[in-house]
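Visitor: I have a structure here and would like to understand the words people use about it. Could you walk me through them?

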Amino acid sequence: MQQCKYWQSSREVLEKAAVAEIDDSARLPWTGNAMGAGDIGFLGGASRTRLVGVFGVAESGKTSLLGAWYLLLGRGIGPKGISFAGSLTLEGWENIAGNLRWNATHGPSFPPHTSSGAGRHPGLLHLDLQVDGGRHDLLFADAPGEWFSRWSVRRDAEDAAGAAWLSGAADVLLVIADSKELAGERLGTARANLLSLLRRVGAERHGRPVALVWTKCDVAVGEQMRSAVKHAADLALGTYETFSVSMHAAPGQEPYNCGQGLLELLDWLVRVGDVTFPKTVLPNPEQDLLRIVGGVHA
Amino acid sequence: MLEAALKIAVFGKSNVGKSHFGAQLIGRLNAESGLLRMRGAAPDLGAFEEVVQSLSSGVPGAHTSAGTYTETLLPVQTADGTAIDLNWPDYAGEQVSQLLEDRRVPASWQERVEAADGWILMVRPRHVPLGNDIFSKPLSDLQASRSGGAVECSPQARLVELLQMLVYTSRARTGKRKPALAILLSCWDELEAPLGVTPAAVLRKNLPMLADYVSNNWSEERRIILGLSATGVALSKAAPNQDFIYKGAETMGWVVDADGEHSPDLTLPIAKLAVAIQS
């Protein structure tokens with residue numbers, strides 16, 4: 001088994017690049033890793049591409065949520081009528097989902113913290129899904145939680161530019177309520193942070209679909225706290241959907257499970273506001289995919 | 001009747017049995033027992049000579065060396081008389097791994113991929129395990145992330161990426177119709193699957209994401225999924241197989257058809273792919 005290119009040392013990459021310069025091979029127009037700002041010029045032109053923004057503070061389970069969806073699709077498990085049809089960021093998906101797999105020496109663990117670095121745009125993970133008779137391209141933003149903490153407090157903060165970009169570009173917005181934090185020792189702070197994030201999203205959503213997503217829902221949250229969050233979401237968002245998700249099976253569920261609520265949430269975000277997607281069956285769906293990466297006479 | 005010769009490219013990583021299938025295919029064509037027949041003699045069968053000789057002695061052929069790329073022209077025809085020039089390539093599977101690592105398609109590969117009307121992707125299910133994850137084998141107490149550990153791409157993600165690369169390469173410059181696809185699940189005998197199990201079911205169980213990718217990107221008429229055991233049994237250099245020596249390699253091996261039935265006709269995948277190409 002070869003390792004992902006992503007994990008190769010920079011020296012190895014440089015050496016290979018040097019060799020490649022002198023031959024007449026053709027470089028593929030996608031790297032497999034998460035896309036950046038330079039790759040997303042097609043967003044405005046590809047009407048069937050949907051950007052999903054996951055808004056939540058650090059360690060609230062945003063990356064795990066994405067990794068969980070990828071693992072389920074990798075097992076052929078999807079919402080009814082929805083299945084995997086391709087991805088331009090397979091290595092990116094593998095990098096976050098790999099931690100949730102068993103390997104020779106380890107059991108699953110949480111994906112690593114998404115580094116905030118100095119970027120102004122989140123990493124984007126691509127999925128091409130077959131949805132009933134048609135195709136949907138989805139991009140999922142895997143953004144560091146620190147951006148959203150800053151953005152909640154100050155919309156135009158310099159170090160929250162990525163969150164501001166995402167709030168402007170996303171077609172569907174998911175706001176994460178971390179059950180573990182809202183039931184933990186620092187629940188008061190967690191509640192305050194979530195409420196300010198809800199207010200910010202409420203002010204910026206401009207009619208777009210929003211869902212409040214309780215992650216780690218296997219952890220019980222006190223009724224009083226749950227009511228407080230719901231009340232705040234009602235005030236800030238008005239209309240919204242609520243989902244509870246966990247990678248752990250519900251009590252009584254078979255060991256070979258699909259977690260809780262993950263497929264329902266995926267189904268919703270794929271289908272919500274479906275009127276903006278073309279209804280016609282695409283005779284050659286991959287042509288659109290290839291057009292996205294450019295240079296193709298489809 | 002086809003106006004131009006049909007071209008089929010075979011892809012597969014190391015040790016999936018590309019050379020053994022090629023050698024056994026030649027044996028079947030010479031024996032004239034299958035759906036495809038030779039049209040005269042092949043101009044040069046040198047590339048498969050070593051494997052053919054080894055199999056005749058009941059031992060496996062040597063691994064194709066990394067730098068090798070040869071194409072053997074097999075002029076054949078189908079039962080209804082359709083002439084096909086089968087360009088059967090022989091190369092080391094490492095070249096496929098290299099494609100995935102470098103993300104560059106050498107010009108020679110580009111030409112072959114562009115020219116092909118049909119692709120055979122050989123996949124050895126036992127070598128591409130699905131593995132367990134948090135859903136298939138839950139762990140109640142998830143820990144913080146492992147630091148410093150390299151994440152390996154899952155085998156099925158690499159196979160999907162390979163097909164995506166091939167699709168892009170075949171059409172980036174030509175815009176021509178996407179080639180028909182045959183997924184050939186090799187070394188089927190290793191699976192010890194009961195008779196009647198279909199190749200499509202094995203693909204879905206072992207590589208569900210690849211199965212979805214294929215079914216969502218190739219129409220039913222343009223894709224086939226078959227099983228293959230080119231030699232029928234595992235061969236060992238230490239203990240030559242007596243059946244190969246006395247009965248002949250051309251009597252060994254079988255294909256698993258779409259309905260799960262076994263057939264000794266190793267030309268079946270090519271004949272079916274030819275139909276898919278013309279559909």
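Guide: Gladly! Let's begin with pLDDT, which is the predictor's confidence in each residue, from 0 to 100. We need that term because this is a predicted model.

Visitor: What makes chain B a confident part of the prediction, in pLDDT terms?

Guide: On that scale from 0 to 100, chain B averages 88, and 95% of the residues score at least 70. Chain A averages 82, with 78% of the residues at 70 or above. For the model as a whole, the scores are ipTM 0.92 and pTM 0.89.

Visitor: Which elements of chain A have the lowest and the highest mean pLDDT?

Guide: Helix α1 (residues 10-21) of chain A has the lowest, at 44, while strand β8 (residues 241-244) of chain A has the highest, at 98. The pLDDT is below 50 over residues 1-22 of chain A, a stretch that still has 31 contacts in the model beyond near neighbours in sequence. Residues 292-298 of chain A are also below 50, with 19 such contacts.

Visitor: Why is strand β7 (residues 210-215) of chain A called mostly covered?

Guide: A residue counts as buried under 20% relative accessible area, and six of the six residues in β7(A) are buried, so the strand earns the description. A:Val210, A:Leu212 and A:Trp214 point one way, A:Ala211, A:Val213 and A:Thr215 the other, and all are buried. Across chain A, 53% of the 298 residues count as buried.

Visitor: How do you know that β7(A) pairs with other strands?

Guide: Pairing takes at least two bridges. Strand β6 (residues 172-178) of chain A and β7(A) have six, in the parallel sense, and four bridges join β7(A) to β8(A), also parallel; therefore both count as pairs. As examples, A:Leu174 has A:Ala211 as its bridge partner, and A:Val213 has A:Phe243.

Visitor: What makes a right-handed β-α-β unit with β7(A) and β8(A)?

Guide: The helix in that unit is α8 (residues 223-237) of chain A. With the strands pointing away from you, the path from the first strand over the helix to the second runs clockwise, which is why the unit is called right-handed.

Visitor: Why is the largest group of nonpolar residues called a core?

Guide: Its members are buried nonpolar residues joined through side-chain atoms within 4.5 Å, so the set meets the definition. Of its 120 residues, those touching the most other members include A:Trp69, A:Leu174 and B:Trp119. Helix α5 (residues 155-172) of chain B gives the most to this core, with ten residues. A second, separate core of 42 residues includes B:Leu6 and B:Met122.

Conventions:
Residues numbered from 1 in each chain as written. Chains lettered and ligands numbered in written order. Predicted model: local features only at pLDDT ≥ 70, side-chain atom pairs only at ≥ 80, totals over all residues. Heavy atoms only, no water. Buried < 20%, exposed > 50% of the residue type's maximum accessible area, 1.4 Å probe, protein only. Helix = DSSP H or I, 4+ residues; strand = E, 2+ residues; numbered from the N terminus. Contact = heavy atoms within 4.5 Å.
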